[in-house]
Amino acid sequence: MASAIESLLFYLMVAFVPYALASYGIMISGRVGLFNVSGEGVMLLTASAAFLTTYKTSSYMLGFMVGVGLGALLGAIFTFVSDKLKINQFIVGLTLFIFATGLGGFLYKVIVGVVLVPPRVQVLSPIKIPVLSDIPIIGPMLFSQNILVYITIILGLLFHYILFKTHFGLKLRAVGDSPRVADVLGVNVGLMRYTFGIIGSALMGLAGAYLPLCFTGTFTETIVSGRGWIAIAITLFGRWNPVPIIFGSLVFSGVEVLVYWLQAQRVAVPYQFLLMLPFIVTLLILIYTSRRLEMPLSIGKHYDREAIEE
Amino acid sequence: MVIFLRIELIDISKSFGDVKALDHVNLTINSGEILGLLGENGAGKSTLMNILFGLYRMDEGEIRIDGRPARISSPQDAISKGIFMVHQQFKLIPTYTVLDNLFINYVKGMDSLKPRRVKDEVRIVEELMKSLGFYLPLDEKIGNLPLGVQQRVEIIKAFLRGASIIILDEPTTNLTPLEVEELFKLMRDLKKKGIGFVFITHKLREVMEIADRVAVLRKGRLVGERRIHETNPEELVEMMVGQRIENLYQFELKPSEQRMEPVLELRDVVYAEKGILKLKNISIRVYPGEIYGIAGIAGNGQSELLNIITGYLKPSSGKIVFEGKDITNTPILKRIELGIRVIYEDRVRDGALPSLPIFDNSILGDHVFPPFAKGKILNRDEISARAERIVRIFKVATPSISKIAGRLSGGNLQKLMVGRALDKQPRLLVAYTPTRGLDVATTRFVLEKIVEVRNNGGAVIYIGEDLDELISISDRIGVMYKGELMGELQRKEFSKEVIGKMMAGYRLAEAMSK
Ligand SMILES: Nc1ncnc2c1ncn2[C@@H]1O[C@H](COP(=O)(O)OP(=O)(O)OP(=O)(O)O)[C@@H](O)[C@H]1O
Ligand SMILES: [Mg+2]
């Protein structure tokens, strides 16, 4: 029993990473005024590209770099098209989602083709932290994980520190809440938007790369299975704040692990219903939070210095 | 200590599309001096200053600082050179605290990644405030503060960044008279410290009071510059408008006829919101052919009074009678049909739908009545005819009536709002500071139109903050203080001093005796 709980908690953290990374990405872009909804597609493309890279080269480093790099590139395109060409951010995001989803599946088919036994990579092995990893229950959960688990937790705390404890964070938030105020105080709004539009999407890319390299060890077209959309819900639910996003992500990875466990227990619930569970939770949470939704005040809006204010 | 700056704007030109906003303008600005900048709506005052602040790019021209050419292509450049601009719409984030607003982008580079030392920041600002003799609640959210206080946040922001020249774009438009006095005191104190101001306003009285020098723009050109003691309001008006306007504040009030039945009567109207009394037993009668002025500092119940009359708010108790009929429970549209017209306090929030074109905005309120609507169908010809008429008579500067209302300059949108209320002779007009943000000539024009409503037998309630205006056009003036009517004065009893005292909370008798 103890080992069963240990293993569930271990997987809770493994499943936590992609939700958290993708949500950070949405959050940090949103904080400079960019609402990037392309995450689901970015993750599929980067999952596919990272998997193929690592599969062909056996280098995890290279796999992650390709994932992050592609995410960054899509982020640059997103920011350029929405901010420079002034096209509605949701339209740009949805277009990128469709494009990246298609491209991700296509790449895999071209390079791997249709095969009976899909290729696999070994998932990234855990790094045990001496002494601490021997503590029962929380040892395996928190101190015997792959490196991305550690990075994700640290990243969340770092975002919290930067956003709320530093002058840089104040400036960053100001860009998303009122680009005009920021501009008038000498902030380079364009530079901030590009930087965090790119970083945000790169984080989604990292989340995508994580899925095959640290979680499943293989690529399928359903590998992302809604995590990119759920990350949007987590971000809204966390009100664009890193620490609540960590907790929100834990809720969803908890649901995921629960589904897995219920399946293993052979409970008499149809499999399809179990798969719906994360979305039902999303729906409930969104219904609850939508009443007091908080957003960066200027999210989704273009900023043009010489335009008349409304 | 403040660094002395001498800024020369040389031959500056700027166009927006076909609109030539600035045409070879030359102007010198010095620290330690207050320069008044005057001009009609659309003359180019804000544009010129936005160019100096690096927010707009000039098409032609040059800026020199202390004789050397200076490149100012962003607010960052301007701020680093000691220039700061306080816009008419404050550049503050309402959900942030005062302290956060002050320190946005204050620390730069790698230092900005270090933990914020909030205590030190508070100390710096408190020392600044002490040296200026006032106090700001640093932990309060901006959105909870009155406009006068927000303005001080802006000025401290400038001071904190070491500004030598502070540009104030129409800083007095939304301030109460007391706040204006406080602002002037602060400006004088800062001037003593060596700071220079560019002070944009439409009110000549203010320029005469505070400025050392004044420059006048007309249609994008500099028409002249004067030392303040070498000029007078009449001359300045002539420079602004291009012609003499005699007796700016004199209007022809036709003697009204025998008092008949009042058009509007409020009987003991009480209004409470969340348990707080906003209107206390207000009783007013307004007769045909009369302008009833309501004086008072903003926030003393004037908005509630207006909304009670339009029907937007329901009185907690008391009665509203219109031409002998009780309309206390009559809905808004029905009241419009009865002939009640309104010029709202906030043209963007209440008066207009900024994202719709001018023609739609010109019939809001009347949009369900003939001839604009037949049943559920709108009559486009009638609507266009009305919009064209308003644009023509009220000289709304716009290329066409299909232009989006939100794109009009503030003054022009206001003219549209006034035109809409007056297009058909109202039986009762309720106007809330309808001249806010309007230039001298347009103010005069709007006041004339309102007097015309009166002379044609309409009743007018004029809620105002500018006593010159109120005194010039009202037949009677009631003064509001904390939701209460402190008393009523007849035209022959008008005195700024008495009204001023009543605005501060004295009752009529007390104000007269002191
Ligand atoms: N951002 C802009 N885009 C297009 N046209 C503009 C813009 N800003 C100003 N204009 C136009 O340029 C001209 C000058 O406007 P400006 O705002 O400088 O006038 P102003 O003197 O400040 O007037 P006001 O007293 O009404 O504030 C006007 O015709 C205005 O419509
Ligand atoms: Mg202006």
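**The second largest pocket and the domains of chain B**

The second largest pocket has a volume of about 1200 Å³, a value that, like those that follow, was computed from a predicted model. A total of 48 residues line this pocket, and those that lie nearest its centre are B:Lys203, B:Arg205, B:Asp466, B:Leu467 and B:Asp468. When the lining is divided by class, 20 of its residues are nonpolar, 12 are polar and 16 are charged.

Several secondary-structure elements of chain B each supply at least two residues of this lining, namely helices H6 (177–192), H7 (204–210), H8 (233–241), H15 (440–455), H16 (467–473) and H17 (496–503), together with strand E20 (459–463). Of these contributions, that of H6(B) is the most substantial in number, with 5 residues given to the lining of the second largest pocket.

The domain assignment of chain B gives domain 1 (6–241), domain 2 (249–339 + 426–514) and domain 3 (354–421). At least three residues of the pocket lining are drawn from domain 1 of chain B, and at least three likewise from domain 2 of chain B. The C-alpha centres of domain 1 and domain 2 of chain B lie 35 Å apart, and the contact between them takes 16 residues from domain 1 and 13 residues from domain 2. About 1000 Å² is buried between domain 1 and domain 2 of chain B, with carbon and sulfur atoms giving 58% of that area.

Between domain 1 and domain 2 of chain B, the count of salt bridges is 2. In chain B, a salt bridge is formed by B:Asp466 and B:Arg205, whose closest N and O atoms are 3.6 Å apart; both residues are among those that lie nearest the centre of the second largest pocket.

The association of the two chains was examined in like manner. Contact between them involves 36 residues of chain B and 24 residues of chain A, and the area that chain B and chain A bury between them is about 2700 Å², 60% of it on carbon and sulfur atoms. The count of salt bridges between chain B and chain A is 0, whereas that between domain 1 and domain 2 of chain B is 2.

Technical notes: Residues numbered from 1 in each chain as written. Chains lettered and ligands numbered in written order. Predicted model: local features only at pLDDT ≥ 70, side-chain atom pairs only at ≥ 80, totals over all residues. Heavy atoms only, no water. 1 Å grid on protein atoms, 1.4 Å probe; cavity = no way out; pocket = protein on both sides within 12 Å on 5 of 7 lines; lining within 4 Å. Points joined across faces, edges and corners; volume = space filled by probe spheres on them. Helix = DSSP H or I, 4+ residues; strand = E, 2+ residues; numbered from the N terminus. Nonpolar A, V, L, I, M, F, W, Y, C, P; charged D, E, K, R; others polar. Domains from an automatic or database assignment. Contact = heavy atoms within 4.5 Å. Buried area = accessible area lost by both parts, 1.4 Å probe. Salt bridge = Lys/Arg side-chain N within 4 Å of Asp/Glu carboxyl O.
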